[in-house]
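Me: Please set out the conventions first, and then let us discuss the helix packing in the structure shown here.

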Amino acid sequence: MAPPAPPPSRVFAELDLAPSPAGRVEPAALPGREVHVSGSAELSARPDRARVSLRLGSRKEAAGAARSSVSRRLQYIAQTARLNGIPEENMTVTEDFSRVENTYQMEAEVCIIFSDFGKMQNVCNLLIEKLGTSVTINPPHFYHTPEAIDSLRRQVCVTAVGNTRRKAQEVCQLFGQALGKPLLIKEEETKEWGGHIDSHLSLAADSQTLQERIQNATAYASCRVFAVFEIKGKENRRSKLP
């Protein structure tokens, strides 16, 4: 039984060199000489936003007492967020008032969006310390803003082009040539995976740590490009040829 054939080799660079009349490869600059190179890059981006949901409620025989109990805690939550530099537009409050049997029930949900995760932890710890079990803080949902995803896409493409150019320089240096201007840069393939966007809620278990949640919400992107660069011969090398 014959051994399996080796996998086909992958061409990552092609140097167009014109032979001299004597059959020798001539390194001098000639019109139309090019180096064809493919390159790639892969980058990641941690989530840039976190949304924390807090729930609180009160059930009293008097309607005013139920409202007052929830209102005081809402004021404290808003004050704490404001003192920690959270803009008002990053906090939304939803209230629901109902009558249950012979009592009045007041419930509220507060959603706060954080861009500073350290500040998020400080605010949540302070609210737990001061309000105790009278408030329920759900685990944070990490996600990316559209601007963050667009930035990741741009960065991975620029990085892939930079890697491709460096590869072309290395090939030219190997043959004693100088790299010229780019003649063609073409994006061949892009991929994205992982991450969350604002409209998709995380289904991760509540037992996950904060760092595990951030890691699970990290977005990844890869890009592969093909480029053609001009080749410029080095004058000092050309003068030494016989």
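Reply: A crossing is left-handed if the near helix is turned anticlockwise from the far one by less than a right angle, and right-handed if clockwise. The model is predicted, so local features need pLDDT of at least 70 and side-chain atom pairs pLDDT 80 or more, while totals for chains, interfaces and linings use all residues. Residues are numbered from 1 along each chain as its sequence is written, and side-chain values use heavy atoms, without hydrogens and water.

Me: Which strands and helix do the buried residues of H1 pack against?

Reply: Helices (H or I, at least four residues) and strands (E, at least two) are DSSP runs, numbered from the N terminus. Among the buried residues of H1 (under 20% relative accessible area, 1.4 Å probe, protein chains only) are Val70, Leu74 and Ile77. The buried set covers an arc of only 160° (directions from the helix axis to the C-beta atoms), which puts these residues on the same side of H1. Their contacts (heavy atoms within 4.5 Å) are with S3, S4, S5 and H2.

Me: Is H1 roughly parallel or roughly antiparallel to H2?

Reply: Axes are lines fitted to C-alpha atoms, for helices over the stretch in contact, with angles from 0 to 180 degrees between N-to-C directions. Those of H1 and H2 come within 11 Å and cross at roughly 150°. Angles under 35 degrees count as roughly parallel, over 145 as roughly antiparallel, 65 to 115 as roughly perpendicular and the rest as oblique. H1 is therefore, relative to H2, roughly antiparallel.

Me: Is the crossing of H1 and H2 left-handed or right-handed?

Reply: Residues making the contact include Arg73 and Tyr76 of H1 and Val123 and Leu126 of H2. The crossing of H1 and H2 is right-handed.

How values were computed: Buried means under 20% relative accessible area, exposed over 50%, partly exposed in between (1.4 Å probe, protein chains only).
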